[in-house]
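Dear colleague,

Please find below the sequence and structure that I am handing over to you, followed by some notes on what was found.

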Amino acid sequence: MRRREYDESDVRVRPGRSTRARTRTRPRHEQAVDAFVVAVDRGRYTCALDDGTVLLAMLARELGRAGVVVGDRVAVVGDLSGRAGSLVRIVRVAPRTSTLLRSADDGAGTPAWREKVIVANAVQLVIVSALADPPPRTGFIDRCLVAAYDAGITPLLCLTKADLAGPEAVLDYYADLGLRYVLCRPDEDPAALRTALADQLSVLVGHSGVGKSTLVNRLVPEARRAVGTVSAVGKGRHTSSSAVALPLAGGGWVIDTPGVRSFGLAHISPDDLLHGFAELADASTGCLPNCDHSGLGGDCGLDKAVADGAADPRRLASYRRLLASRAGDEPPS
Ligand SMILES: Nc1nc2c(ncn2[C@@H]2O[C@H](COP(=O)(O)OP(=O)(O)OP(=O)(O)O)[C@@H](O)[C@H]2O)c(=O)[nH]1
Ligand SMILES: [Zn+2]
């Protein structure tokens, strides 16, 4: 066998000590481009650039086990063409403006580390509930409200199947919360919902059968297919059970969460829940430390605020109803 001749490729150039100033003073990855995470599937992140290009990404090693979720704003480097088979790297994750959390399971003893971020940066939680078939479940809506108030995300009640029943009973139940709501029916374009979603990052949650898929397909007839195609380029099937962000025609995103049927709320404290009740939060400064605000102990500052006329008793009742639903013992509706 003839001895092979050496060429340049055999020469290993070791990066030596350079006399030039190293990258220390300049930001790493200054070429990185902003992107938005629209889907996550087993370590592969589908990201959208501002110009609409959709890329498949992996986490740069220096990010370690940083959790990147749908809704995260990130910076990516690599082949930004969007060509099939290309894989870019996520090198930065922007601080989140909100996180929608759930615990893996409810109840006492659920370790805090089992909390899971479902969606980042949402500003609006759209709670989809049918007015009939299936009937509205206030227990579910209550739990969504707890999650939204805790996360600082504005809730929007989306009542579907308005052709089958009126919204009066549900709206009456929530009268003291000042909840925004929209009605949807099959024979009309969901214009009010469209308006509420415009230019926002919104998350849709709802039980099976309430008409959520019907709504999503009316809002974003094209996007679902586009996302599926891109994910197919990666490691395989797109899991329909995970959250996916869909672009709205007029701007904004709507995140569908097919896998999320409810929220575990074990991580939310009575004080966290007060975020949705500004006037009660003020009144709670009169509570003893560690007050559970249930009123059962007899010396909660919230009761005093109501007695003094500084807070509305119905608001306090709503707050305590949500507090109870968070603990899993739903009151009859
Ligand atoms: N009467 C009436 N039926 C509706 C309306 N919206 C949806 N439906 C019907 O309700 C059923 C469930 O709708 P989907 O959109 O599949 O409900 P979903 O919430 O996505 O349910 P999953 O796909 O199981 O998660 C379907 O048969 C729809 O045709 C509505 O506004 N009025
Ligand atoms: Zn209290």
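**The annotated site and the nonpolar core**

In this predicted model, His 293 touches Pro 270, Ser 284, Cys 287, Cys 300, Leu 302 and Leu 323, if residues up to four places away in sequence are not counted. Two of these partners, Cys 287 and Cys 300, also appear with Cys 291 and His 293 itself in the "binding site" that UniProt lists in an unreviewed entry, and such an annotation may be inferred rather than shown by experiment.

His 293 is found in the loop between helix 7 and helix 8, and Cys 291 lies in that loop too, with helix 7 spanning 278–283 and helix 8 spanning 301–307. Are these two residues buried or exposed? His 293 is buried, because 23 other C-beta atoms lie within 10 Å and the cut-off is 20 or more, whereas Cys 291, with 17 C-beta neighbours inside 10 Å, counts as partly exposed. Leaving aside neighbours within four places in sequence, Cys 291 is in contact with Cys 300 and Gly 301.

Turning to the core, the largest nonpolar one has 88 residues, and those with the most contacts inside it are Cys 47, Val 70 and Ile 255. Helix 1, made up of residues 138–151, gives the most to this core, with nine residues. In soluble globular proteins, nonpolar side chains tend to be buried together. Ile 255, again leaving aside its neighbours within four places in sequence, is in contact with residues including Val 70, Val 119, Ala 122, Val 203, Leu 204 and Val 244.

With best wishes

Conventions. Residues are numbered from 1 along each chain as its sequence is written. Chains are lettered from A and ligands numbered from 1 in the order in which they are written. This is a predicted model: local features need pLDDT of at least 70, side-chain atom pairs count only at pLDDT 80 or more; totals for chains, interfaces and linings use all residues. Helices (H or I, at least four residues) and strands (E, at least two) are DSSP runs, numbered from the N terminus. A residue is buried if 20 or more other C-beta atoms lie within 10 Å of its own, exposed if 12 or fewer, and partly exposed in between; C-beta atoms are placed from the backbone. Two residues are in contact if their C-beta atoms, placed from the backbone, lie within 7 Å. A nonpolar core is a set of buried Ala, Val, Leu, Ile, Met, Phe, Trp, Tyr and Cys residues joined through C-beta atoms within 7 Å.
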